[in-house]
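Biologist: I would like a close look at one salt bridge and at the interface that holds it. Please start from that pair and then work outwards through the rest of the model.

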Number of protein chains: 4
Amino acid sequence: MKRKLRMGMVGGGQGAFIGDVHRRAARLNGDIELVAGVFGTNVEKSRQCGAELFVDPARVYPNYEAMIAGELALPADKRIDFVSVVTPNLMHYPISNAFLKAGFHVLCEKPIAMSAADAEALGKTQQASGKFFALMHNYTGYPMIKQAKKLIADGVLGELRKINVEYSLGWLAAPNAGKQAVWRVDPKQAGISGCMADIGTHAEQLIHYLSGLRITAVSADLASFIPGRELDDDGSVLLRFNSGARGVIFASEVSTGEENNFIIKIYGSKAALEWHQQSPEDLIIRSNDAPMLVYRRGWPGTGEEAQKVSHLPAGHPEGFLEAFAAIYRAFADAIHADLNGDQPVLDFPGIQDGIDEMRFLEAIVANSAGDAKWTAL
Amino acid sequence: MKRKLRMGMVGGGQGAFIGDVHRRAARLNGDIELVAGVFGTNVEKSRQCGAELFVDPARVYPNYEAMIAGELALPADKRIDFVSVVTPNLMHYPISNAFLKAGFHVLCEKPIAMSAADAEALGKTQQASGKFFALMHNYTGYPMIKQAKKLIADGVLGELRKINVEYSLGWLAAPNAGKQAVWRVDPKQAGISGCMADIGTHAEQLIHYLSGLRITAVSADLASFIPGRELDDDGSVLLRFNSGARGVIFASEVSTGEENNFIIKIYGSKAALEWHQQSPEDLIIRSNDAPMLVYRRGWPGTGEEAQKVSHLPAGHPEGFLEAFAAIYRAFADAIHADLNGDQPVLDFPGIQDGIDEMRFLEAIVANSAGDAKWTAL
Amino acid sequence: MKRKLRMGMVGGGQGAFIGDVHRRAARLNGDIELVAGVFGTNVEKSRQCGAELFVDPARVYPNYEAMIAGELALPADKRIDFVSVVTPNLMHYPISNAFLKAGFHVLCEKPIAMSAADAEALGKTQQASGKFFALMHNYTGYPMIKQAKKLIADGVLGELRKINVEYSLGWLAAPNAGKQAVWRVDPKQAGISGCMADIGTHAEQLIHYLSGLRITAVSADLASFIPGRELDDDGSVLLRFNSGARGVIFASEVSTGEENNFIIKIYGSKAALEWHQQSPEDLIIRSNDAPMLVYRRGWPGTGEEAQKVSHLPAGHPEGFLEAFAAIYRAFADAIHADLNGDQPVLDFPGIQDGIDEMRFLEAIVANSAGDAKWTAL
Amino acid sequence: MKRKLRMGMVGGGQGAFIGDVHRRAARLNGDIELVAGVFGTNVEKSRQCGAELFVDPARVYPNYEAMIAGELALPADKRIDFVSVVTPNLMHYPISNAFLKAGFHVLCEKPIAMSAADAEALGKTQQASGKFFALMHNYTGYPMIKQAKKLIADGVLGELRKINVEYSLGWLAAPNAGKQAVWRVDPKQAGISGCMADIGTHAEQLIHYLSGLRITAVSADLASFIPGRELDDDGSVLLRFNSGARGVIFASEVSTGEENNFIIKIYGSKAALEWHQQSPEDLIIRSNDAPMLVYRRGWPGTGEEAQKVSHLPAGHPEGFLEAFAAIYRAFADAIHADLNGDQPVLDFPGIQDGIDEMRFLEAIVANSAGDAKWTAL
């Protein structure tokens, strides 16, 4: 018999977009309870936030070190099972590293770290700890992404040739884009990249997740369209893959009027697929010798991989939250299995996705600044 | 300071579609906890279901009467605050009636009862009880429906002329459509209508909610396309409204291949709107003298009525669950206000919607069976 | 070897929408030449129009009687082969009747006449004449309509159950809608119906064309939303078919903001189809046991019936004009065959479509005015 | 008073896709007549084709030199006014050059030549001749492209920042793609590029046409996915513009399942636009502070630039043919003006578009083969 898992959180104070999403996603399946946290750097606000979340005030800590110490001091049957790390990029690595070392499972927002070296270091900590680490590449939680992955794995598309990914947002089109924007374009908090770290990594990770291909070389043109903005707010990248396939990623946060327009199109020798994050329930399949097919979440023809992360019948739209919750559920399932002594299934993005995304980021930043056509990964 | 509300549930055992939706929706906002229930008529299965939902076995009751007695026997600070009624139609009225009489708030699935007379009786019980009653017409919880209602109320459409509603599902196209289907076409459990009770009432209620108009006469043609099926699985209705406006509802559960295709188009003298439940984030506005406008959930131009029931930024798709959760949130807010001695805002469908839907159902069933063109409501 | 066919035209002067469409459609295939005409009732304007169309001034006639006489006076190898009748409704029957009697093939705009009796009389004239008569129900010329007809004929949809047709325009939403509108709502020129004669007949004809079913009874609610407008500008009709199938047509010319929104959805026991005139290159097929299929004009999977009326490769959008031209081509092909002594194929709407549409109109107008639920056809 | 213009054609024999499109487009407006031609290199087939097109056998010539001689030998009032050149790429330059020299107006398929040098040479011939030269970049003939150009020129988008163009076809995904494909991937007939010459030039030209910006540097990755295919069948290009704007073109003819999927998205500091060739009647405008706007062909709000190349009312779909015909009409209008001694308006693509497209092609082919990041134009 399962018990409810106990979750802690670092980050996600009032006004933080992604922290709230994490909490709602964690709640959805009914087997995770938020019991401890550091909800931002302002202690008073953090306490208030904790109170609104019905967290015991004794377990709202002033900082993550205190949280680790405090939780370790509790009896095992009260202590958190895992922590969600939802801070700005800068703190992903040190916090994740500390919790893993202290023996807690960790679920962390992307990108994993500020450098590939740190990502690799985190990998070593994780291996030594024997604990689970999930990286929140939430788009892999969408049912129709599971379906797409399955169709590719089954060879439906044939040999993959071209992968085109567009990821356009408009929210940074003006110089002042609100509190959420500040840290994302500050090198000290966000790292070597703005737009590409924020959304380009989703593109890179989704390509890898779906295709199984590895990017071997990139040619990039990163831009910052707002005077004084230190990090890229736009970037286009030509891709070459280990198989001979090619591709394009163009991502932007200054695409005026775009919401969260993430589109992936994969062309193979036999067929092609198209998926739009803003209409996530459709997966379009085209070929040169048959009418267009549209797989729909929850509808016959869509396989069990997709069905496993789907809750409502077809036509009752699911969205971003359910995809996010699918990552939480997979992570929670692994912990439940571990608690029961069963073999866990690690069906969520992890350390290797994080290392890959940092290598990709470092390569495109270097390439964009230089004169060489290609930079190898 | 708010406390978590304690919810009970009647119905919603294993394999029940709508019970699970209610629970997930109730969880989403983090301030409702499921603590008691009768999860179906089979006591053993109900217990197992309760255990999986982390409900104290002592509060999994054999029937709703026992649940009322048991909860009343608990101290007030442990007792449920409200009950969710998610049984087949037949039991909506007696269970809701009993809980209201016992002093509990009630949230009930639609349709409210088996007859308009029972709906009216329930209204009297509710008034006497002083407790809240919410009827789960979940589509009114969608942000873009709130936006549509606001635009109409603001006169953007001018005088309303024509309202066309399509509601098509295919799930009953074959004779045997699984467990969910059995009670929906059984007059003893579903009442005088199948399809029209199940989905036609959503259409009628949404028209009323959005337009503020009242249907004054109907002309209907209900059908049952499967030999031996006792209740309608399809129906078309011509509508006349108190204002002189006209309309059409056509609803079907034998529309092969359709998922949950609920479309409403409202035409006024100045402009028109169109909304598709399967693409719920768009609200299309057309006029004869300007380009088409598309309001999007979370995007500038969309008003605060919509924003209040929206959580994620635009482009991060929300769907059915969030709309459902909006009804729970409004209901919970009323209870919180009541607990705090504040004036509650009753921003959810209730008794009058239930009376209206039953009168509509009775009128179309009578009209469809007779020779007269129009039946007045 | 084919020769160019010689076309005459009655109607279609300056500012007439449909006359210009007829001429452009007739030109498209390169084997029809406009050589004579009466381009409106104003003789001077008609002459000017003829000159702009490069028509020999000697063959621009003052009225249709003069045109018949004039053309008969020419040698057979100069005389027109057929006439296009594109006047207001009132004159369709007398002009068509006169040209048929005089031994000319006739292609006429819909509706065929002002009454079913006249339509039947025209049928007798046509039979006696041995000449061809085409009724311009242009929507049957769309490739994907041909494809839809083929799929239904092949049994892909199974037994048809429900047919829903929406036809919405907004152009008459205001009292004054320009010159094109005047005659369409004038009983003397348009007949017993406005909106339903103008577009409702397209709906009725397309249903019949696609399904092969016959409407056996109707229940209708026609409306006129503009004070002083004598004919209907809106109407909704419940349909019963000879097979037991049912349906709905709702058509309106006061649907503010709508362009020419003609949608047909046909549901069968095995599958369903959906087609939108404003996106005419797609034909959507849904079933309860497979992903959605989208047939596309010109793409593999789409059959030869569609291909025959398609010219451009898929993805090079064709539209209204090509569908219109397909009727002209079929009509021209019949004339070519006749000239060559071959057996003509009459693959275009004709007298029977006209009789059907008039009977439908008369039935819905009568029903809408009365108290009986159903009017039989 | 206008007279009908006399057109000749070189190329466009049986089975040629584009020649037939040219003829249908030329016919549409009713003021152009095909009277002479060389319909392919096979004289017998050319004669047969001419006969089917009702061309006088005496004016079906064995080659273009004979055609020039033959037409010059005719009296001026029988002689062709202009020639359409619709051969494979190789012959565009020599034929156009010869007809211009002989004193005929020329309308030629793109790309203009096999090299930028030849394009420039043609420009000199044209200037010396005083005759008109139109290059068939047909996409500029779409009404909503005219609308897009106008909105950009009016500053609605603000300062342009990013231009993303996708042009995907699947027709060359397999090694053998039929007769149309053979010459397009043969360097002798097509030149230095396959896919990029065929469709990449449309992308480059449309960007320039709409934005008025000039590409200053490119970084390209051209590919050939079919073993043995000598020219590119796929290519991706990063763009830098004179204004500081950036962009991406990715074009492919091996995008399995794609028809003619040409999409352009232009992002400015104030607003953005999106247009899809396969849904050409919509022009989507987005901004960060208002709901999405959709301009529709023929609908209020859409300006006169678009209206001038639009014939049917909104909702009566126009497509590829009408856009093509718009180029013919503009070209014919210039000739009519010239014949009447009026000042002609040259509202069609011409020599400079041809020079630009060849420089672009030469730059991307060179860049793709080298190690440098950027190649300047």
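Which residue has a side chain that meets the side chain of D:E166 in a salt bridge, and what is the N to O distance?

Modeller: The partner of D:E166 is A:K265, with 2.8 Å from N to O. The model is predicted, with local features needing pLDDT of at least 70 and side-chain atom pairs counting only at pLDDT 80 or more, while totals for chains, interfaces and linings use all residues. Residues are numbered from 1 along each chain as its sequence is written, chains are lettered from A and ligands numbered from 1 in the order written, and side-chain values use heavy atoms without hydrogens or water.

The salt bridge lies between chain D and chain A, where 52 residues of chain D contact 51 residues of chain A (contact means heavy atoms within 4.5 Å). Together the two chains bury about 3,600 Å², of which 47% is on carbon and sulfur atoms (buried area is the accessible area, with a 1.4 Å probe, that two parts lose on being put together, summed over both). On the chain D side, the residues that lose the most area to chain A are D:R161, D:T256 and D:K373, together 20% of what that side buries.

The pair of D:E166 and A:K265 is a salt bridge, and the rule finds ten across the interface of chain D and chain A (a side-chain nitrogen of Lys or Arg within 4 Å of a carboxyl oxygen of Asp or Glu). The interface also has 28 residue pairs in polar contact, both residues at pLDDT 80 or more (N or O atoms within 3.5 Å; within protein, one able to donate a hydrogen and the other to accept it, and residues adjacent in sequence counting only if both atoms are side-chain atoms). The elements that give two or more residues to the chain D side include strand 6 (160–168), strand 10 (261–268) and helix 12 of chain D (helices, H or I of at least four residues, and strands, E of at least two, are DSSP runs numbered from the N terminus). Strand 8 of chain D gives the largest share of that side, six residues.

Just before strand 8 comes a loop worth a look. D:D233 is in the loop between strand 7 and strand 8 of chain D. Its relative accessibility is 0%, so D:D233 counts as buried (under 20% relative accessible area, against over 50% for exposed and partly exposed in between, with a 1.4 Å probe and protein chains only). The side chain of D:D233 makes a polar contact of 2.8 Å with that of D:R229. Beyond its neighbours within four places in sequence, D:D233 contacts residues including D:C195, D:F225 and D:E253.

Chain D also touches chain B, with twelve residues of chain D in contact with twelve of chain B. These two chains bury about 1,000 Å², 65% of it on carbon and sulfur atoms. D:P291, D:M292 and D:W299 supply 44% of the area that chain D buries there, more than any other three residues. Between chain D and chain B the count of salt bridges is zero, while six residue pairs are in polar contact, both at pLDDT 80 or more. Strand 13 (residues 292–296) of chain D gives the largest share of the chain D side, four residues.

Aromatic residues come next. Over all chains there are 50 aromatic pairs (rings of Phe, Tyr and Trp, its six-membered ring, with centres within 6.5 Å; planes under 30 degrees apart are stacked, over 60 edge-to-face, the rest tilted). The ring centres of A:F331 and A:F348 are 5.5 Å apart with planes at 80°, so this pair is edge-to-face. A:F331 belongs to helix 11 (residues 320–339) of chain A and A:F348 to the loop between helix 11 and helix 12 (351–369) of chain A, so the pair ties together parts 17 residues apart in sequence. A:F331 is buried at 0% relative accessibility, and A:F348 is buried at 12%. In chain D, the rings of D:F331 and D:F348 also have centres 5.5 Å apart and planes at 80°, so they too are edge-to-face. Both D:F331 and D:F348 are buried.
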